[in-house]
Amino acid sequence: MTTKYPIMKDLLLISSLFLAFIACKGEEFSQKKAQDPYQRIEHLAQEKAQYQSRPAKNYQKVVVPAKLKYYYQSVDFTKNGDELKEDLAVLTIAKHSHFISYGNRHPYLEKANQDPKKTGNILLVYTGESRSKSEVQKRNQPNGSVNTEHIYPQSYIKRLSHSTEEPLGDLHHLQYADRSKNSSRGNLPFGAGKGQAGRVFQRKAWYPSDDYRGDVARMVLYMNLRYNLPCEQVSMGGISLLLKWNAEDPISVLEIQRNNEIEAAQGNRNPFIDNPYLATVIFGEVEGYTVENLWR
């Protein structure tokens, strides 16, 4: 009788220790599973599928405004998909009549990015800062705090394009940026994020900020239209992420100014700035994200 309860007590103690061990191992397994890179890849794949682009269910009528009929008069906007893309690509290439070398970009880019409120300043991509034109890094002032950002990285252009000079000097995807921001982005692809510009996805992608995600999307879509450069090279979410950004962030005053000044400089326009809805007509839409048709 005296030996029964001590034995039972020992058995209960051993059981408790065993369960605690299993619980600790289970917690450790859960932590490892949460850090599993394959699980992260699977999550990204699911997220990408959620925002997969699809052809629009219904296409709105597109009527070119009177002030732009001179430019788009040869395009049949009753078309959609690849047919409309081909017509716009032909027009965009034909209108690109003045090729500016990358080395001669500054006089045009300074005008395109000029701060409307302070003409001696230029506006920077990603941060929206206004800085003096004297801060722009050039041959005669190599220590400037501002340099030129290729939204479609020049390393990708050199690898993917047969003729590199034209896309490298195309003002439609060149922007002034803070030197340190430009360095931090490097040639990273763009990825989903929130708030200010910075690295995301374990520092393997770049989020251009809430205020510039639409600008970036429309510039990359232009590079696809003009030079047939793939969107997948510069977007972790493929073209779907760009269409989502195009819907979330409407065109800005700076984009309109840039489009007009760049047309004056090199002859062609970015049609996705003139009407962001054209991206929907050509590439499709992401469910839950509607782009306003500016040409009704």
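1. A residue counts as buried when its relative accessible area is under 20%. In this predicted model, His-172 has a relative accessible area of 3% and is therefore buried. The residue belongs to the loop that runs between α7 (165-169) and β6 (174-178).

2. The surroundings of His-172 deserve a closer look. Its side chain comes to 3.0 Å from the backbone oxygen of Asn-268, and, when residues up to four places away in sequence are not counted, His-172 touches Met-219, Tyr-222, Arg-258, Asn-259, Ile-262, Gln-266, Asn-268, Arg-269 and Asn-270. Some of these names return in the next point, where Met-219 and Tyr-222 appear on the α9 side of a helix contact, and Arg-258 and Gln-266 on the α11 side.

3. Helix α9 (residues 213-227) packs with helix α11 (residues 253-266) at an angle of about 30°, and their axes lie 12 Å apart. Since angles under 35 degrees count as roughly parallel, the two helices α9 and α11 are therefore described as roughly parallel to each other; their crossing is right-handed. The contact brings Gly-214, Asp-215, Arg-218, Met-219 and Tyr-222 of α9 together with Glu-255, Arg-258 and Gln-266 of α11. By class, the residues of this contact of α9 with α11 comprise four charged, two polar and two nonpolar.

4. Between α9 and α10 there is a loop that contains Gln-233, a residue that is partly exposed, with a relative accessible area of 28%. Although Gln-233 and Tyr-152 are 81 residues apart in sequence, their C-alpha atoms are 8.9 Å apart in space. With its neighbours within four places in sequence left aside, Gln-233 is in contact with Tyr-152, Tyr-156, Arg-159, Leu-160 and Pro-189.

5. Helix α10 (residues 238-248) is mostly covered, given that ten of its eleven residues are buried. The buried residues of α10 include Ile-239, Leu-241, Leu-242, Leu-243, Trp-245 and Ala-247, and among them are also Gly-238, Ser-240, Lys-244 and Asn-246.

6. For the protein chain as a whole, there are 13 helices and nine strands, and buried residues account for 46% of the 296 residues. When contacts between residues at least 6 apart in sequence are considered, 67% of them join residues at least 24 apart.

Note on methods
Residues are numbered from 1 along each chain as its sequence is written. This is a predicted model: local features need pLDDT of at least 70, side-chain atom pairs count only at pLDDT 80 or more; totals for chains, interfaces and linings use all residues. Side-chain values use heavy atoms; hydrogens and water are left out. Axes are lines fitted to C-alpha atoms, for helices over the stretch in contact, and angles run from 0 to 180 degrees between N-to-C directions. Helices (H or I, at least four residues) and strands (E, at least two) are DSSP runs, numbered from the N terminus. Angles under 35 degrees count as roughly parallel, over 145 as roughly antiparallel, 65 to 115 as roughly perpendicular and the rest as oblique. A crossing is left-handed if the near helix is turned anticlockwise from the far one by less than a right angle, and right-handed if clockwise. Contact means heavy atoms within 4.5 Å. Ala, Val, Leu, Ile, Met, Phe, Trp, Tyr, Cys and Pro count as nonpolar, Asp, Glu, Lys and Arg as charged, and the others, Gly among them, as polar. Buried means under 20% relative accessible area, exposed over 50%, partly exposed in between (1.4 Å probe, protein chains only). A polar contact is a pair of N or O atoms within 3.5 Å; within protein, one must be able to donate a hydrogen and the other to accept it, and residues adjacent in sequence count only if both atoms are side-chain atoms.
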